[in-house]
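Thanks for making the time, everyone. I would like to go through the packing of one protein chain, so please have the sequence and the structure open while I talk.

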Amino acid sequence: MDLPLHFASPYWLLGLILVFCVFYFRTSSWYIAKTYTVKEGQSWNARMRHGIPSFLFLIAAISLVFALADLTRTYTVTADKKTVNRILVTVDNSSSMYNFSPEVKSIYCTEGNTERAFPNIGIACRALHRMIDDTQKFSDAHPEKGKDRIGVLRFALYSKVQSYPTSNYLLLHTMVDEMNWQQKDGIGVWTEVHIALWDLYLMALKRNIDREEGFTPLTHKDLKDISLALYPDTDASAALRIPPDVEAKLTAIKEELRDTFFIIFTDAHGSQLTNRFNYKPVSFKKMIDLAEFLELPIYIISSEDDNALFKEQVRRTGFGEKGGEYRGDFLVVKRSGVAHLDSMAALTSTVLEKRFGRTIPTLIEERKSYSWHFATLALTLLVLGLLSKETLVRSLSDE
């Protein structure tokens, strides 16, 4: 056990034990006790009876020093702790979401005709609000866990951050309602789902890039090395290769990302997704490899077509047994009349239920103090010393 020599843990007090011992062995009472003889054959008995009180006082003083020094023992215990989730979602805002209608200048979730005129946007609006509502409901029901945070982007050719991860659910609802789905400035009109996934990674790693306390720092060079490793190869099946020094950092970051999962809302057709599977500047397939390495779940919820290739890939992400509740998935809205408007919201709830209430084994460092034991021993010895002085020594002098 390391003994830090500072006032918070004053183990330096142990040096007083030597002072007490020197004082004890040099005291005149010990000298007298050592040489005092009452009657022939009784010198040992006299020494014992006279020396016991002093010896008890010495041990009491030493015990008191140990109590003041606060000797401790550190140990770890395992406890199941509910995870505080970071839900990072990106929602498709390509031109197909608003039916390729350039003449419409604004589309908002709160407009009365949005769900009828632009059903894909209506579906996305409901899904986003459901995600916020479910998250708030669970967080409010488990205040001891801490509040889950939600980060939102929207994407087309490029991504736009709507909200960095926050637990201000009212602000998130307002953000969704104030989003103009027809605003193409800065994001374009195409459905670049592979770039959208890379932008989710950038949001997830922002605390590492910003060197927040407690997280493994990533330099801009590290980030560049990761992006170069994700560049598509001619062979779409080529494995992800990350430099060893960056891989070591990502191994540490894997544990830090236990709180994180991705959701992608899209209306992309199957062929659109397949065309982006191994397309520059970042390979979707290699990003799935990275997610598999990081054990980071990715969920795609589509309002259009199923896609066997993408389904197979995202189901490799996450952790636990294959097909288990902590694996990623590709889910498709069932279109049956007007019921499909709420289908994506229902699928969103299904995804969140798999994460809410998840517990992880956490090592907790405990500290056990022996001060109370030593203080009790010191008090006991002090009382015994006083009693022995009033009995043994007095009876000795009476003889």
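Let me begin with a question: by class, how many nonpolar, polar and charged residues does the lining of the largest cavity have? Please keep in mind that what we are looking at is a predicted model.

The lining of the largest cavity has 6 nonpolar, 3 polar and 2 charged residues. In full, the residues around this cavity are Val 91, Asp 92, Met 97, Asn 120, Ile 123, Ala 124, Phe 265, Thr 266, Asp 267, Ser 303 and Met 344. Two or more of these lining residues come from each of strand S4 (86-92), helix H5 (119-141) and strand S7, and it is H5 that gives the most, with 3 residues. As for volume, the largest cavity comes to about 40 Å³, and a search of the whole structure finds 1 cavity of 30 Å³ or more.

Let me turn to the nonpolar cores. In soluble globular proteins, nonpolar side chains tend to be buried together. Here the largest nonpolar core has 40 residues, and Leu 197, Tyr 201 and Phe 262 are those with the most contacts inside it. At least two residues of this core are supplied by each of strand S5 (149-155), helix H7 (193-204), helix H9 (220-229), helix H10 (244-256), strand S7 (260-266), helix H12 (284-294), strand S8 (298-302) and helix H13 (308-314). The largest share, 8 residues, comes from H7. If you centre your view on Leu 197, and leave aside residues up to four places away in sequence, you will find that Leu 197 touches Phe 262, Ile 264, Phe 284, Met 287 and Ile 298. There is also a second, separate core of 37 residues, which includes Phe 118, Ile 301, Met 344 and Leu 352; Met 344, you may recall, is also one of the residues lining the largest cavity.

That leaves the cysteines. A search of the whole structure finds 1 disulfide, which joins Cys 109 to Cys 125 with an S to S distance of 1.9 Å. The torsion about this S-S bond is about -75°, so the disulfide is left-handed. Because Cys 109 lies in the loop between S4 and helix H4 (114-117), while Cys 125 lies in helix H5, the pair ties together parts that are 16 residues apart in sequence.

Are these two cysteines buried or exposed? Cys 109 counts as buried at 17% relative accessibility, since the cut-off for buried is under 20%, and Cys 125, with a relative accessible area of 6%, is buried as well.

Technical notes:
Residues are numbered from 1 along each chain as its sequence is written. This is a predicted model: local features need pLDDT of at least 70, side-chain atom pairs count only at pLDDT 80 or more; totals for chains, interfaces and linings use all residues. Side-chain values use heavy atoms; hydrogens and water are left out. A nonpolar core is a set of buried Ala, Val, Leu, Ile, Met, Phe, Trp, Tyr and Cys residues joined through side-chain atoms within 4.5 Å. Buried means under 20% relative accessible area, exposed over 50%, partly exposed in between (1.4 Å probe, protein chains only). Helices (H or I, at least four residues) and strands (E, at least two) are DSSP runs, numbered from the N terminus. Contact means heavy atoms within 4.5 Å. On a 1 Å grid over the protein atoms alone, a cavity is a set of points where a 1.4 Å probe fits but cannot get out, and a pocket is an open set with protein on both sides within 12 Å along at least five of seven lines; lining residues have an atom within 4 Å of a point. Grid points are joined across faces, edges and corners, and a volume is the space filled by probe spheres set on the points. Ala, Val, Leu, Ile, Met, Phe, Trp, Tyr, Cys and Pro count as nonpolar, Asp, Glu, Lys and Arg as charged, and the others, Gly among them, as polar. A disulfide is a pair of cysteine sulfur atoms within 2.5 Å.
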